[in-house]
Amino acid sequence: MQLPPALAPALPAGEAGQHYYLPSRTAAPVAAPGWQRQQRRAYGWGLYPALIVLALVTLAPLLTLIVVSLTPLSLTDPAGTFHFRDPLGNYRQLLNDPRFLHSLWVQFQLSSVGVTLQLLTGLGIALLLHGRSPVLGAVRSLFLIPMVLPPIVVALIWKILYTPDISPLHQALEALGWPLRSLIANPDTALWAVVAADTWQWFPFTMLMVLAALQMIPDDPLEAARMDGANRWQLFRFIVFPHIRAVLLVCALFRLIDSFKAFPLLYVLTNGGPGTVTEVTNFYGFIQAFNFSFWGYGSAIALVMLAGVFALSALVSRLGRDGGDDAR
């Protein structure tokens with residue numbers, strides 16, 4: 001540091017204008033190299049077991065799936081079908097399989113419509129229940145019940161509702177003079193009946209996430225906008241929505257990924273029917289692997305579905321980031 005002029009004459013052999021520097025007393029102590037090595041080693045010993053377990057749980061099944069998808073493996077003849085003479089044969093067959101292509105279209109309808117309804121329903125109910133009241137707290141707890149139920153229980157509940165002989169809903173409509181056919185037995189309504197059941201089970205997830213985000217919005221911008229004469233729609237569009245946009249994106253990603261695993265609901269409600277109306281991609285892969293024992297072909301279907309999930313997740317994330325940049 002440079003000494004003040006008042007102290008310069010007291011220092012020996014100092015010339016006019018010469019700068020003096022003294023060592024800093026607040027310098028942070030430098031850790032010894034041996035201590036740093038021990039610290040890194042301790043971190044490594046704490047991390048390696050978790051990495052090994054993660055590799056065994058995720059990477060090993062994934063590698064097995066990739067290897068099996070390159071073979072025409074069938075449990076009816078495992079010794080004769082486990083070979084790599086045509087590693088891309090399963091994937092070429094997928095491109096020419098009309099039933100697989102139809103399952104992709106069904107999966108797209110189920111995922112797009114279901115996730116959109118879950119986001120809109122969860123957002124709307126969250127806005128209605130946002131507040132500090134014991135009554136609202138109790139109502140919020142009731143809305144969480146569908147999400148915590150096991151998927152098989154949810155499927156059984158909706159199976160009862162959709163069965164005319166035992167359904168309270170069908171009996172009430174019939175008493176009013178509005179008889180209704182079974183929604184899951186009708187090819188025109190079966191898929192949308194499954195979408196309704198899936199939306200009922202998972203809209204509380206979006207509701208809970210949005211309620212948490214609404215609690216974090218500061219009051220000052222809202223009060224300032226109200227003083228300037230902003231109505232409720234303007235408050236939501238210009239203040240509330242920008243704060244919860246990232247949360248909605250996360251909800252969309254989670255629900256988009258989970259929509260590809262709506263197996264219990266489909267298995268109990270429709271079993272892929274009527275015909276192939278509700279046969280999504282993972283259900284078709286299940287049929288090929290476990291009903292027909294074509295494990296190689298079923299593994300190829302699962303791998304294509306996994307790649308599609310990653311691609312859609314990346315696309316949704318990119319659209320969310322671009323939208324956020326445009327809003328700023």
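This tour moves through a predicted model, from the whole chain to single residues and then to a pocket.

**The whole chain.** Begin with the entire protein in a cartoon view, where you will find 14 helices and zero strands, so the pattern read along the sequence is made up of α elements alone, because strands would have to appear as DSSP runs of their own. Of its 328 residues, 34% count as buried, and if you switch to a surface view, the area that the protein exposes comes to about 20500 Å², with carbon and sulfur atoms supplying 69% of it. Among contacts between residues at least 6 apart in sequence, 66% join residues at least 24 apart, and the next two stops include examples of residues brought together from separate parts of the chain.

**Helix α14 and A300.** Select residues 295-327, which form helix α14, and pick out A300 within them. With a relative accessibility of 0%, A300 counts as buried, because the cut-off for that class is under 20%. Next, show L65 as well: although 235 residues separate L65 from A300 along the chain, their C-alpha atoms are 7.9 Å apart. Once neighbours within four places in sequence are set aside, the residues in contact with A300 are S69, N90, Y91 and L94.

**Helix α4 and S111.** Move to helix α4, residues 98-129, and select S111, which counts as buried at 4% relative accessibility. Which residues does S111 touch, not counting those up to four places away in sequence? Displaying side chains here should bring up L256, S259 and F260.

**The two ends of helix α8.** Now select residues 168-175, helix α8, together with S167, which caps the N-terminal end of this helix through a side-chain oxygen that lies 3.2 Å from the backbone nitrogen of L169. Then look just after α8, where G177 takes a positive phi of about 85 degrees.

**The second largest pocket.** Finish at the second largest pocket, whose volume is about 540 Å³. To centre the view, select L127, H130, L222, R226 and V240, which are the closest to the centre of this pocket among the 15 residues that line it. Colouring by helix is helpful here, since α9 (190-215), α10 (219-227) and α11 (232-259) each supply at least two residues of the lining, and α11 gives the most, with five residues. Coloured by residue class instead, the lining of this pocket divides into eight nonpolar, three polar and four charged residues.

Conventions: Residues are numbered from 1 along each chain as its sequence is written. This is a predicted model: local features need pLDDT of at least 70, side-chain atom pairs count only at pLDDT 80 or more; totals for chains, interfaces and linings use all residues. Side-chain values use heavy atoms; hydrogens and water are left out. Helices (H or I, at least four residues) and strands (E, at least two) are DSSP runs, numbered from the N terminus. Buried means under 20% relative accessible area, exposed over 50%, partly exposed in between (1.4 Å probe, protein chains only). Contact means heavy atoms within 4.5 Å. A polar contact is a pair of N or O atoms within 3.5 Å; within protein, one must be able to donate a hydrogen and the other to accept it, and residues adjacent in sequence count only if both atoms are side-chain atoms. On a 1 Å grid over the protein atoms alone, a cavity is a set of points where a 1.4 Å probe fits but cannot get out, and a pocket is an open set with protein on both sides within 12 Å along at least five of seven lines; lining residues have an atom within 4 Å of a point. Grid points are joined across faces, edges and corners, and a volume is the space filled by probe spheres set on the points. Ala, Val, Leu, Ile, Met, Phe, Trp, Tyr, Cys and Pro count as nonpolar, Asp, Glu, Lys and Arg as charged, and the others, Gly among them, as polar. Accessible areas come from the Shrake-Rupley method with a 1.4 Å probe; for residues, only the protein chains shown count as cover.
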